[in-house]
Amino acid sequence: MRRTHSRRLTAASSALLALPLMSLATPASAYPVSAVPGPSGPVAVETAPVEATEQKVGVEGVDRGALAALREEGGPAIKPELLSPETKVDTFDLVGVTWPEVVGERTEDVQVQVRVRESGGWTEWEALDVEDGGPTPGSEEYERSRKIVATEPLLTLGADAVQVRLDSPDGQAPSGVELALVDGGQGAALAGREALDADPSASASASVMASASTSSTRPTIISRAQWGADESMARTASQNRTVTAMTIHHTASSNAYTSAAGAMAQLRSIYSYHTKTQGWSDIGYNFVVDKFGNIYEGRRGSITSNPVGAHASGFNTSTMGISALGNYEAARPSSAMVESISKVVAWRLGGQGLDVTGRTTLTSAGGSSRFRKGTQATLPRVFGHGDVGYTACPGVYLNGQLSTIRAKAAAYVKSTSAPAPPPAPAPAPPAPAPVPVPVGVPLVGDWDGSGGAQLGWYRDGWVSLRMGPQQTVSYRYGRAGDVPVVGDW
């Protein structure tokens with residue numbers, strides 16, 4: 001959910017922030033998907049909530065040593081409003097920057113950059129935009145969260161040190177700046193990954209996850225309980241009356257996770273940051289899809305109901321948000337990810353009989369949207385976050401796959417909604433074998449004493465009498481060559 005086109009931002013390249021958003025009309029063929037194999041064996045799931053831990057580090061002033069190093073790298077004219085020293089902390093896998101909202105204090109043009117130390121080495125500076133999504137303006141969730149300004153998070157792979165820099169065009173830094181550092185916790189699934197690889201029977205299979213449904217189009221979904229969500233952190237969200245469109249996002253985070261268990265840890269970090277740090281009711285997205293194609297339940301109740309998310313500010317109502325785990329401004333989405341996003345779209349929209357390749361009209365609630373409050377916007381039923389917000393989300397490479405996602409979703413809808421052929425008619429019971437008709441001299445008489453005439457035949461000393469529709473009785477009487485005579489005996 002980035003506004004800037006790239007999160008890579010060195011001290012000498014701040015002009016990148018002025019790049020225009022890429023056109024969403026770029027043909028999908030320009031941005032092919034990548035082939036990412038899934039982890040071998042079944043997906044390990046959590047059996048209990050996993051606690052995410054959070055550290056807060058205050059930032060104020062400009063550290064002289066850090067400034068000297070920064071100027072040596074980028075030039076003597078550099079003068080940030082805030083610059084922290086390289087700060088060693090407990091291990092974390094998510095960092096965000098926050099400050100209190102102060103009436104009259106302008107912070108929309110503040111540029112925030114962080115870098116972290118991973119595996120003993122420092123990353124490049126990363127630009128973090130102020131959150132462009134968020135709860136619907138006027139909602140209880142919005143009022144609770146609006147007192148804090150927060151950047152979008154940066155996910156890492158077990159960093160143990162951090163440094164932050166703030167620049168402002170008017171030379172005024174916001175007050176009360178803090179670093180929020182979150183560790184999503186290893187949990188049983190991540191800690192037991194080696195045992196799982198050795199003994200796949202030790203884990204639940206993905207095929208038995210939250211997939212039971214009356215709808216034949218529901219894909220397999222890893223539930224909140226299975227990715228270790230701590231439900232004590234969530235509040236009840238309001239419900240959409242209808243869902244007529246899907247908003248596609250990316251988390252703009254690390255693409256380097258190597259297992260579903262690692263993806264779950266990142267998901268827990270995002271959940272903690274959205275709820276504990278930003279004050280949202282729950283994780284902002286309704287669903288999250290990782291690069292292996294695993295689908296995760298995001299906001300509570302998204303499998304069985306229509307909770308309003310906090311993914312697109314003015315366009316949360318009547319939509320659901322699907323976020324791709326990773327940064328797809330920097331990497332191509334995998335074919336498995338594209339397939340799974342398409343399946344969610346087919347299930348959630350196609351299951352209502354909606355044309356997933358069509359368009360719909362939504363009314364903006366304002367907020368950080370491109371559209372003023374009350375404006376009606378006609379959009380594709382499957383659209384990118386950048387279509388309604390000042391952001392490049394879901395990244396140039398995933399944007400390039402939106403038409404493919406619509407087409408694949410339509411194909412899934414067609415394959416699951418086509419009427420089944422009528423059952424073949426049951427074979428008719430075999431007709432009874434005809435009773436052979438004797439050949440000979442016809443005989444008509446009252447053979448059974450009923451007072452009526454019955455038919456019979458005589459031939460070569462054999463009398464055959466028709467006793468019913470399906471019965472003939474034959475017996476020996478006379479000799480070959482005899483001539484039968486019938487009377488009222």
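**Entry 1: helix 6**

I began with helix 6 and listed its buried residues, which are M337, V338, S340, I341, S342, V344, V345, A346, W347 and R348. The model I am reading is a predicted one, and I keep that in mind for each entry that follows. Because 10 of the 14 residues of helix 6 are buried, I noted the helix as largely enclosed by the rest of the structure. I then checked its length: at 1.5 Å a residue, helix 6 (residues 335-348) should span 20 Å, and its end C-alpha atoms are 20 Å apart, which agrees.

Within helix 6 I looked more carefully at I341. I recorded I341 as buried because its relative accessibility is 0%, where buried means under 20%. Leaving out residues up to four places away in sequence, I found that I341 touches I248, V289, I322 and I405. I also looked up S323, which is 18 residues from I341 in sequence, with the two C-alpha atoms 8.8 Å apart in space.

**Entry 2: the nonpolar cores**

Which residues of the largest nonpolar core touch the most other members? I found F287, Y296, I322 and V345, out of 54 residues in that core. The elements giving two or more residues to this core are strand 9 (178-183), strand 10, helix 5, strand 11, strand 12 (295-297), strand 13 (319-324), helix 6 and helix 8 (402-417). A second core of 22 residues is separate from it and includes V57, V95, V112 and L179.

I followed V345 further, since helix 6 was already open in my notes. Not counting residues up to four places away in sequence, V345 touches M246, I322, G350, V356, V382, I405 and A409. I322 and I405 are among these contacts of V345, and both are also among the residues that I341 touches.

**Entry 3: salt bridges around R224**

I next turned to charged pairs, and the structure holds 13 salt bridges. Side chains of opposite charge can pair when their charged atoms come close. I looked first at R224, which forms a salt bridge with E231, the closest N and O atoms being 2.9 Å apart. R224 also pairs with D282, and there the closest N and O atoms are 3.1 Å apart. This second pair links distant parts of the chain, with D282 in the loop between helix 5 (260-277) and strand 11 (287-289), and R224 in the loop between helix 4 (193-198) and strand 10 (245-250), 58 residues apart.

Are the residues of the pair D282 and R224 buried or exposed? I noted both D282 and R224 as buried, and for R224 the relative accessible area is 2%. E231, by contrast, is partly exposed, with a relative accessible area of 31%. I closed the entry by writing down the network of salt bridges that links R224, E231, D282 and R300.

**Entry 4: a pair within helix 2**

For another salt bridge I looked up R144 and E140, whose side chains meet at 3.8 Å, N to O. Both residues lie in helix 2 (residues 140-145), 4 residues apart, which is about one turn of the helix. I recorded R144 as partly exposed, at 28% relative accessibility, and E140 as exposed, with a relative accessible area of 65%.

**Entry 5: P85 and its surroundings**

P85 sits in the loop between strand 2 (82-83) and strand 3 (87-100). At 36% relative accessibility, P85 counts as partly exposed. Setting aside neighbours within four places in sequence, I found P85 in contact with D63, A66, V162 and Q163. I also checked P85 against G65, and they are 20 residues apart in sequence and 7.4 Å apart in space, C-alpha to C-alpha.

**Entry 6: a surface patch**

Which residues make the nonpolar surface patch of about 300 Å²? I found V473, Y475 and Y477. Y477 lies in the segment after strand 20 (471-476), and at 56% relative accessibility Y477 counts as exposed.

**Entry 7: the protein as a whole**

Last, I wrote down the totals, beginning with a secondary structure of 8 helices and 20 strands. Buried residues make up 50% of the 489 residues in the protein. Among contacts between residues at least 6 apart in sequence, 72% join residues at least 24 apart. The protein exposes about 22500 Å², and carbon and sulfur atoms supply 54% of that area.

Definitions and conventions:
Residues numbered from 1 in each chain as written. Predicted model: local features only at pLDDT ≥ 70, side-chain atom pairs only at ≥ 80, totals over all residues. Heavy atoms only, no water. Patch = residues over 30% accessible without salt bridge, like charges linked within 9 Å, V, L, I, M, F, W, Y side chains within 5 Å. Areas by Shrake-Rupley, 256 points an atom, 1.4 Å probe, with all protein chains shown as cover. Salt bridge = Lys/Arg side-chain N within 4 Å of Asp/Glu carboxyl O. Buried < 20%, exposed > 50% of the residue type's maximum accessible area, 1.4 Å probe, protein only. Expected span 1.5 Å × (residues − 1). Core = buried A, V, L, I, M, F, W, Y, C linked by side-chain atoms within 4.5 Å. Contact = heavy atoms within 4.5 Å.
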